[in-house]
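The following exercises concern two pockets and a set of paired strands. Each task is followed by a solution in steps.

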Amino acid sequence: MPRITIDGRPIEVEKGVTLLEAAQRLGVHIPRYCYHPKLSVSGNCRMCLVEIEKAPKLVTACSTEAADGMAVLTMSEKVKTARRDVLEFLLINHPLDCPVCDQAGECGLQDYYMEHSLAKSRFPAEDKVRRQKRRVLGPHLVLDNERCILCTRCVRFCSEVTRTSELEVMERADHSFIDLKEGRALDNGYSLNIADICPVGAWTSRDFRFKQRVWFLKKTPTVCLGCATGCLTEVHHNENTIYRVVPRPNAETNTWLCDAGRMTYKAVQAGDRLAKGVIKNGLIDLEPALRETASRIDEAHGALAVLGSPWLSVEDNAALARLAKDALKTADFSFDFSAEQGVKDGILINKDPAPNAAGARRVQAAFGGTSFAELSAKVASGAVKVLVTEARAAALLKDALKAGGARLIVFAANRSEIPAGAYATLPYASYFETPGTFINFQGLERRTQPAVTAAEGVKPLWAMVNKLAVYSGTSLRLESAQDALKGIDLK
Amino acid sequence: MPLRLTDDFKAKAARVCAAYPRKDAALIPLLQELQREKGYVAEEAMDALAAFLELPYARVKAVVTFYTMFNRAPVGKYHLQVCRNISCHMAGAPGLLARLREKLGISEGETTRDGLFTLSSVECLGACGSAPVLQVNEHYFEKMDERTLDALLDDMRHGRLRAADF
């Protein structure tokens, strides 16, 4: 295995490791634009030039493999000059857009300019090459060709990750620009990753543009609940409003994040968010809604059933199990969801659109209950008078409910989720507002963290269940999410 | 309107493809073939060729736009390409260009109304030793001056294109 030194520090790496990767292992950051750990090496930006002792010219660290005996210098005068000169080249035609550019604050050009250049431009602004600005390309992206430094990260992303190959560099020399087929939109389900990997402000997100300056954003690490893949994400928010969701790259599940997953935050601050209960079609305050719901439950005299939900956290499913077992005293409850799982497009999106079928099965293992088919048959037979479940899970029993005519009581976060014919709906805090435990399709534990706080009175689902139980005369003693998790083996 | 590749072209293309280990390596020779047939590579032709070679359209377009020798619009019968790089420039290329502009009444990138001439200025043609150089279609005319240029234009107007005698 090659042994090299980087700035005098020795390191031994496997064959094939590049100088840039080796430096990274020593904690030495070599500036780069076109290099991306998950894309092929292109070597076009020249920002990562380093010196190798006894080598006649500087080499690109991203594309040079470590070889035995190399003495690499990343901070020599030659390297510093090269960085300054490369930046000067990149900035010749870069517009002075920063005050109105959405990338400002997380821009590779700004950062490296401050770090490695600070030189005044020797080129008059009026000689800059002008190009088309603000091209809307597809549902999620805007392209500003003037700001582009032609690193081709976006081109490689489209050809290597999504394999849709929409983008290419057209023309050559200082005529070149990124383009795609005329009339075609950039809509491959993962297009917003391009806004993330673009090191400058050329690609920006239509959803995020001009909503918030990035330096105001607070970051909360959490999990995407868009499907069973359970990608790690980071929610960017400020003053109790979420502005965007970006991936938190990790070895187990994801480097990227799909467009649909990024948009899941919309529901949290949508206009139809429920803060009150709904009885039939009318909004009523929470307490009367709970009272009404409890009396319907009492009326049913034990002809009750509870269905968990693969969209709810383990805690909330467990609370529903406790409700069934301890408060409603029924054996007709099920947490058995067996949708087919597995990544369906070869990138991230899972066959199972629900995030927590595996977690629900853990609840089933701890509390027992019937299979989904048995519960469905019982509901269809008309033996169940009241069914308590979550709004999206209710859709799984749609036909059985129609046949059996049970009264439907659901928990829902948004009004649009409420299934037709639901008798009572109770609101609950979304997982952007409350912590929750999920288990993804690989069996990995995923925990959400609250980024924003819920509207007043809107509580996590386990707390709503606790209240509902009190109204129907039993205390479940659920004081915290931890109480709900008791007795469940997450492994 | 989608363009359909002729059977003749497809037969040629199959032979070209057979010469390479990978189908996409045939891209440039086939673009040249398309240009030979029509004088230029139309947008629809890029589409058809992309489908034929199973390449993304953007790849074909990128190659066509990278190489300036591919014409993206119809050109005249005679495509006059004046080298404007340093050797030719110092040997009088600007004068040639100006004379052509004046005599043909067009500037670079344009075609005369009769469809006879298209004027372009191009980068180094690799014949610096005999600058200034003018390329007409695929023929080089070297050490050009006003006299030889006028004679050449005259010849072409009469449908004769022969290598200039020096």
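**Strands of chain A**

In strand E3 (residues 49-52) of chain A, A:Leu49 and A:Glu51 point one way, A:Val50 and A:Ile52 point the other way, and all are buried (under 20% relative accessible area, with exposed over 50% and partly exposed in between; 1.4 Å probe, protein chains only). The model is predicted: local features need pLDDT of at least 70, side-chain atom pairs count only at pLDDT 80 or more, totals for chains, interfaces and linings use all residues, and side-chain values use heavy atoms, with hydrogens and water left out. Residues are numbered from 1 along each chain as its sequence is written, while chains are lettered from A and ligands numbered from 1 in the order in which they are written.

**Exercise 1.** Determine which strands E3(A) is joined to, and in which sense.

*Solution.* Strands (E, at least two residues) and helices (H or I, at least four) are DSSP runs numbered from the N terminus, and two strands pair if DSSP finds at least two bridges between them.
- Step 1. E3(A) runs antiparallel to strand E4 (residues 59-60) of chain A, with two bridges joining them; A:Leu49 is opposite A:Thr60.
- Step 2. Six residues separate E3(A) and E4(A) in their hairpin, and A:Lys54 in the turn has a positive phi of about 75°.
- Step 3. E3(A) is also antiparallel to E5(A), again over two bridges, and here A:Glu51 faces A:Leu73.

**Exercise 2.** Describe the side chains of strand E1 (residues 3-6) of chain A and the pairing of this strand.

*Solution.*
- Step 1. The side chains alternate: A:Ile4 and A:Ile6 point to one face and are buried, whereas A:Arg3 and A:Thr5 point to the other and are not.
- Step 2. Four bridges pair E1(A) with strand E2 (residues 9-12) of chain A in the antiparallel sense, and A:Thr5 stands opposite A:Pro10.
- Step 3. The hairpin of E1(A) and E2(A) has two residues between the strands, and A:Asp7 takes a positive phi near 50°.
- Step 4. With strand E5 (residues 71-73) of chain A, E1(A) runs parallel over two bridges; A:Ile6 is opposite A:Val72.

**Exercise 3.** Locate the largest pocket with respect to the domains of chain B, and describe its lining.

*Solution.* A pocket is an open set of points on a 1 Å grid over the protein atoms alone, with protein on both sides within 12 Å along at least five of seven lines; lining residues have an atom within 4 Å of a point.
- Step 1. An automatic or database assignment provides the domain bounds, and chain B is divided into domain 1 (7-66) and domain 2 (78-165). Their C-alpha centres lie 29 Å apart.
- Step 2. Both domains of chain B give residues to the lining, so the largest pocket lies between them.
- Step 3. The largest pocket holds about 1200 Å³ of space and is lined by 38 residues, with B:Thr68, B:Met69, B:Phe70, B:Asn71 and B:His79 nearest its centre.
- Step 4. Helix H2 (27-38), strand E1 (78-83) and strand E2 (117-122) of chain B each supply at least two lining residues; E2(B) gives the most, with five.

**Exercise 4.** State the volume of the second largest pocket and the residues closest to its centre.

*Solution.*
- Step 1. The second largest pocket contains about 1000 Å³ of space.
- Step 2. It is lined by 43 residues, of which A:Gln103, A:Glu106, A:Asp196, A:Ile197 and A:Cys198 are the closest to its centre.
- Step 3. H5(A) gives the most to this lining, with five residues.

Definitions and conventions: On a 1 Å grid over the protein atoms alone, a cavity is a set of points where a 1.4 Å probe fits but cannot get out, and a pocket is an open set with protein on both sides within 12 Å along at least five of seven lines; lining residues have an atom within 4 Å of a point. Grid points are joined across faces, edges and corners, and a volume is the space filled by probe spheres set on the points.
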